Amino acid sequence: YGIDTAEVAIHVSAEQLNLLGLSLSKTNSEKGSLWPGPDESVTARLVSTQQNASWQARVVRHGQRLDSGSRLQILFLQVAQPLTRTPPLLPGTFLSVEITGRVREGLLKLPESCLTPQGRLWYTRPGGDRLDCIQTKPVFYRNGSVYIPAPPEADFPIQVARFPNQAFKKGMPVTPVLTENRKEDHASDI
């Protein structure tokens, strides 16, 4: 054991690895390497709420196995010189991990409630009074928001149904009502 680095193991899904731009190749899995390797845009931050402190880490390798119960893989993060940091990162510290991946262009950030369980997004065009919908797949969720690919067939801007229901049908006449315009919320009540 050495004190020059600290390693933290986290469990991630294949989808999460893909969002980070990391994938495990069969040819390199014996070596424990990531392919393609982590680029500089993938950063990790270890956060201790008990100490109100954080430490930068880097992704160094994967655990070379898939948990048969959860289907998650182990990813190892490493902090260099953890005991010389202020405050020092001590073994046994309870941490949460924030990983920032590559920048994804062309995503819409919407309140989670806008997307139905079936993956439908209901909307109208500005000045429009007819419902339309698209089938979409979320890229990821964060802090009550869902990020989806911007629909290529939609003319922007669009007004999104904040609380869609099962009675919605394409072409249904509606009267959009704009909700309070907050920075992170651009949805309508339809």
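In the hairpin formed by S2 and S3, where four residues lie between the strands, Asn52 adopts a positive phi near 50°. This description, like all that follows, concerns a predicted model. Asn52 is a residue other than glycine, and its place is in the loop between S2 and S3. With a relative accessible area of 73%, Asn52 is exposed.

A second residue can be described in similar terms: Arg71, which is not a glycine either, has a positive phi of about 65°. Arg71 is found in the loop between S3 and S4, and at a relative accessible area of 52% this residue is exposed. As background to both cases, most residues other than glycine have a negative phi, and most peptide bonds are trans. The second half of that background bears on the peptide bond from Thr86 to Pro87, which is cis, with omega near -10°. Pro87 belongs to the loop between S4 and S5.

**The five-stranded sheet**

The loops just named connect strands of an open sheet of five strands, whose order is S1-S4-S3-S2-S5 and whose pairing is antiparallel. At its edges are S1 and strand S5 (96-100), each of which pairs on one side only. From one strand to the next, the twist averages 35°. In general, strands of a sheet pair through backbone hydrogen bonds, either parallel or antiparallel.

Within this sheet, S2 can be followed to both of its partners. Towards S3, the pairing is antiparallel and runs over five bridges, and Ser48 stands opposite Ala53 in S3. Towards S5, the pairing is again antiparallel and covers five bridges, with Arg45 standing opposite Glu98 in S5. Strand S2 also holds Val47, which is buried, its relative accessible area being 13%. Val47 and Thr93 are separated by 46 residues in sequence, while their C-alpha atoms are 9.7 Å apart in space.

**The three-stranded sheet**

A further open sheet has three strands in the order S6-S10-S9, with antiparallel pairing. Why is one side of strand S6 (107-111) and of strand S9 (140-142) left without a neighbour in the sheet? Both strands stand at the edges and each has a single partner strand, so one side of each has no neighbour there. Neighbouring strands of this sheet are turned against each other by 30° on average, when direction is ignored. S6 is joined to strand S10 (residues 145-149) by five bridges, and the two run antiparallel. Leu110 has Val146 as its bridge partner in S10.

**Nonpolar cores and a surface patch**

The largest nonpolar core has 18 residues, and of these Leu46, Leu75 and Leu77 touch the most other members. Two or more residues are given to this core by each of strand S1 (5-12), helix H1 (14-20), strand S2 (43-48), strand S3 (53-66) and strand S4 (73-80). Apart from this core lies another, made of eleven residues, among them Leu110, Leu121, Ile148 and Val160. Leu110 has thus been met twice, as a member of this second core and as the bridge partner of Val146.

Nonpolar side chains also appear at the surface, where Ile3, Leu83 and Leu90 make a nonpolar patch of about 290 Å². Leu90 is situated in the loop between S4 and S5, the loop that also holds Pro87. Is Leu90 buried, exposed or partly exposed? Its relative accessibility is 42%, and Leu90 therefore counts as partly exposed, the class that lies between under 20% for buried and over 50% for exposed.

The table below gathers the accessibility of individual residues together with their places.

| Residue | Place | Relative accessible area | Class |
|---|---|---|---|
| Val47 | strand S2 | 13% | buried |
| Leu90 | loop between S4 and S5 | 42% | partly exposed |
| Arg71 | loop between S3 and S4 | 52% | exposed |
| Asn52 | loop between S2 and S3 | 73% | exposed |

Notes:
Residues are numbered from 1 along each chain as its sequence is written. This is a predicted model: local features need pLDDT of at least 70, side-chain atom pairs count only at pLDDT 80 or more; totals for chains, interfaces and linings use all residues. Side-chain values use heavy atoms; hydrogens and water are left out. A nonpolar core is a set of buried Ala, Val, Leu, Ile, Met, Phe, Trp, Tyr and Cys residues joined through side-chain atoms within 4.5 Å. Buried means under 20% relative accessible area, exposed over 50%, partly exposed in between (1.4 Å probe, protein chains only). Two strands pair if DSSP finds at least two bridges between them. Axes are lines fitted to C-alpha atoms, for helices over the stretch in contact, and angles run from 0 to 180 degrees between N-to-C directions. Patches are made of residues with over 30% relative accessible area and no salt bridge: like charges are joined within 9 Å, nonpolar side chains (Val, Leu, Ile, Met, Phe, Trp, Tyr) within 5 Å. Accessible areas come from the Shrake-Rupley method with a 1.4 Å probe; for residues, only the protein chains shown count as cover. A salt bridge is a side-chain nitrogen of Lys or Arg within 4 Å of a carboxyl oxygen of Asp or Glu.
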